[in-house]
Amino acid sequence: MSNNLPYNPNDPISIRAYAKHLENRTLRQLFGDDLQNNYSGKGKLGQLLEELYFNYKPNSNAEPDFIQAGLELKTTPLKRISKGLVSKERLVFNIINYEEEYKLSFVNSSFWKKNKLLLLIFYLHEREKLDIDYIFKIVRLWRFPITDLKIIIDDWKTIVAKIKAGKAHEISEGDTLYLGACTKGSTAEKSKRKQPFSEKLAQQRAFSLKSKYLNFIVERSFEGDFELPDINAAYNKVLESQHDLLEGDCGDLPVLTDGHEPVIKNVSEYREGQTFEDVILEKFEKYYGYSEREIVDSFNLDVNLKAKNKNYVFARAILGVSKQKIEEFEKAEIELKTIKLEERGTLKESMSFAQIKFLEIIEEEWEDSYLYATLTKRFFFVVFKKDKHQVSRLFKVKFWTIPYSDLVVAEEFWGDTKKKIQKGIYNQFWKLKDHNIFHVRPKGVNAKDLMRTPQGTMEKKKSYWLNSRYILKQIHQ
DNA sequence: GCATGATCATGC
DNA sequence: GCATGATCATGC
């Protein structure tokens, strides 16, 4: 069969050139209406492409899909929002074999072996269409730029460190920045897997890229930037140094308009052994003790001190990112939150998240719930503390991910909230004084700001809150 | 003084 | 118009 292939299986460029013909087409256009009868059902698009278009049988090998070319095929959806097209979901790679992955160095890891070089095919997901009618929008080769690869290697090491510590069951997507370990497969007890350094069974997980990270690839592609980073001496050096350390055209589509600028432009900015987060902390430490006003003056900032994004403006200035968003924070979906301590070190205010959507929560499962998605992110706390003149000064910053044991409490909290909404009880949610970590409280524009309930009635808008005492404890750890 | 309800201000 | 970061107001 292989000598009849419409592409050279040894050559990624040839495969890409062939794949490019998919752009702005659908499978139905390429293969006719018969498809509809033979292949209906969801999640089949990637398999159809492999089988029909590229002429190989889908497999679950540890090797890349195009073995000789060292190229892995990934088909992934876009969705339309008002601003344009964005990634619909995270990109999921291979399942993590807890019993094996920790034995390897990054360069020999299952992730790197399979995913060094990717053929990415983005299609536009539209709810009302069959998958054979989805339009392919972007076809491109992808290799991680060197500054991203550095972060990905550190992420991989973080995941492996948890396996080694017997904590595979405690892994969270919020542990890492770009390369995540997302849950994959049924959450049922029977689908859990063994881990090497603990008796506890762990949820099955796969390596993944956050959907915000994919948006950068999407944006670049729409801008016509299809460049592949060279595998040069510097690229190999990043890979090798980790090895030593370890031992163990898209037509008229609108594009994203937000600009971004990375904090770290060159991997040489890392000192030996430093991670991205180390570098960030170091930059902030220089401004500990500065008042908001002094930060504004130091950087000549034009910022309204009442603006809700002021802390983001401060962070950007301190990190040396001039006008635009912080690329690494965006890609990693880091939630920046401000905390204001009193002179005595107490914390008056709890921290709110977005509203509870009464109509949505009753349809949710825990792992696809809004609360789960929010809480499993990585947080970046920027802590201010009042001095004896009641002037607020930068006190510390901290990267934080919710501990696993508290995420278990979150599930109970969420379950309780959901159950009460299902029953139509809106005044008996967890309260601040009754529980240690979470509570529910009103949060609308005013008392007349209501939201429809599953019972058809209207209730005051409410939010999930993190208790102030809990936050205080977390920032001091 | 604290828990909880309520609302302001801003930006998308 | 609305979600959300931030903070105020009230009552126990």
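These questions and answers walk through a predicted model of chain A with DNA strands B and C.

Trainee: How many helices and strands make up the secondary structure of chain A?
Mentor: Both kinds of element occur in chain A. The count comes to 17 helices and 19 strands.

Trainee: Why is chain A said to be as compact as a globular protein of its length?
Mentor: Start with the globule rule, which gives 23 Å for 477 residues. The radius of gyration of chain A is close to that value, so the chain is as compact as a globular protein of that length. That radius is 24 Å.

Trainee: What share of the residues of chain A counts as buried?
Mentor: A residue is buried if 20 or more other C-beta atoms lie within 10 Å of its own. Apply that to the 477 residues of chain A. The buried share is 29%.

Trainee: Which element gives the most to the surface near DNA strand C?
Mentor: The residues around DNA strand C include Lys 337, Ser 352, Phe 353 and Gln 355. Two elements give two or more residues there, β12 (335-341) and β13 (351-355). One of them gives four residues, the most. That is β13.

Trainee: Which strand gives the largest share of the surface near DNA strand B?
Mentor: DNA strand B is surrounded by 18 residues, with Ala 307, Lys 431, Leu 432, Asn 446 and Ala 447 the closest. The largest share is three residues, from residues 438-442. That strand is β16.

Trainee: How many charged residues does the surface near DNA strand B have?
Mentor: Sort the residues by class. Five are nonpolar and six are polar. The charged ones number seven.

Terms used: Residues numbered from 1 in each chain as written. Chains lettered and ligands numbered in written order. Predicted model: local features only at pLDDT ≥ 70, side-chain atom pairs only at ≥ 80, totals over all residues. Near = placed C-beta within 6 Å. Nonpolar A, V, L, I, M, F, W, Y, C, P; charged D, E, K, R; others polar. Rg over C-alpha atoms; globule rule 2.2 N^0.38 Å. Buried ≥ 20, exposed ≤ 12 C-beta atoms within 10 Å, placed from the backbone.
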